[in-house]
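I open a new notebook page for this model. Salt bridges come before the core and the helix packing.

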Amino acid sequence: MDLRQVFAANLRRLRHHKGLSQEVLAHEAGINRSYMSKLEKGASYPGLEIIGKLAAVLRVDHAELLRTPKQE
């Protein structure tokens, strides 16, 4: 799994956990909803500023968005 896919999976998981829609998360982070969709699909690489904005809205450490899932 490449880092873009790790980010996409973590973003989806955290957004669902917080009960937010893509539209609401995008609005609160100040980014375009279509860009949010691309991020969650792993179709676009986020910049550091975007990672910081999303982490702030999700109230998680920015590293949580890049953490590789543990293998069981």
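I start at glutamate 64. At a relative accessible area of 22%, Glu64 is partly exposed, because the buried class ends at under 20%. The model is predicted, so I read such percentages as computed values of a prediction.

Next I look up the partner of Glu64. Its side chain meets that of arginine 67 in a salt bridge, with N to O at 2.3 Å. Arg67 has 45% relative accessibility and is also partly exposed, since exposed would need over 50%. I then check for further links. Arg13, Glu64 and Arg67 form a network of salt bridges.

How many salt bridges does the rule give? I note a count of five.

I turn to the pair of aspartate 2 and arginine 4. Their closest N and O atoms are 3.9 Å apart. I accept the pair as a salt bridge because the cut-off is within 4 Å. Asp2 is partly exposed at 35% relative accessibility. Arg4 is partly exposed too, with a relative accessible area of 23%.

Arginine 15 and glutamate 40 come next. I find their side chains in a salt bridge at 2.4 Å, N to O. The pair links distant parts of the chain, 25 residues apart. Arg15 sits in helix α1 (residues 3-18), and Glu40 sits in helix α3 (residues 33-41). Buried or exposed, arginine 15 and glutamate 40? Both are buried. As background, I jot down that side chains of opposite charge can pair when their charged atoms come close.

Now the core. I find 17 residues in the largest nonpolar core. Leu11, Leu25, Ile31, Leu54 and Leu65 have the most contacts inside it. Two or more core residues come from each of α1, α2 (22-29), α3 and α4 (48-58). Which of these gives the most to this core? It is α4, with six residues. In soluble globular proteins, nonpolar side chains tend to be buried together.

I look closer at isoleucine 31. Leaving out residues up to four places away in sequence, I list Ala26, Met36, Leu39, Ile50 and Leu54 as the residues Ile31 touches.

Last, I look at α2 against α4. Their axes come within 9 Å and cross at roughly 115°. The two helices are therefore roughly perpendicular to each other. I log the crossing of α2 past α4 as right-handed. On the α2 side, the contact is made by Leu25, Glu28 and Ala29. On the α4 side, I write down Lys53, Leu54, Val57 and Leu58. Leu25 and Leu54 are already on this page, among the core residues with the most contacts.

Key: Residues numbered from 1 in each chain as written. Predicted model: local features only at pLDDT ≥ 70, side-chain atom pairs only at ≥ 80, totals over all residues. Heavy atoms only, no water. Buried < 20%, exposed > 50% of the residue type's maximum accessible area, 1.4 Å probe, protein only. Helix = DSSP H or I, 4+ residues; strand = E, 2+ residues; numbered from the N terminus. Core = buried A, V, L, I, M, F, W, Y, C linked by side-chain atoms within 4.5 Å. Contact = heavy atoms within 4.5 Å. Axes fitted to C-alpha atoms, helices over the stretch in contact; angles between N-to-C directions. Parallel < 35°, antiparallel > 145°, perpendicular 65-115°, else oblique. Left-handed = near helix turned anticlockwise from the far one by under 90°.
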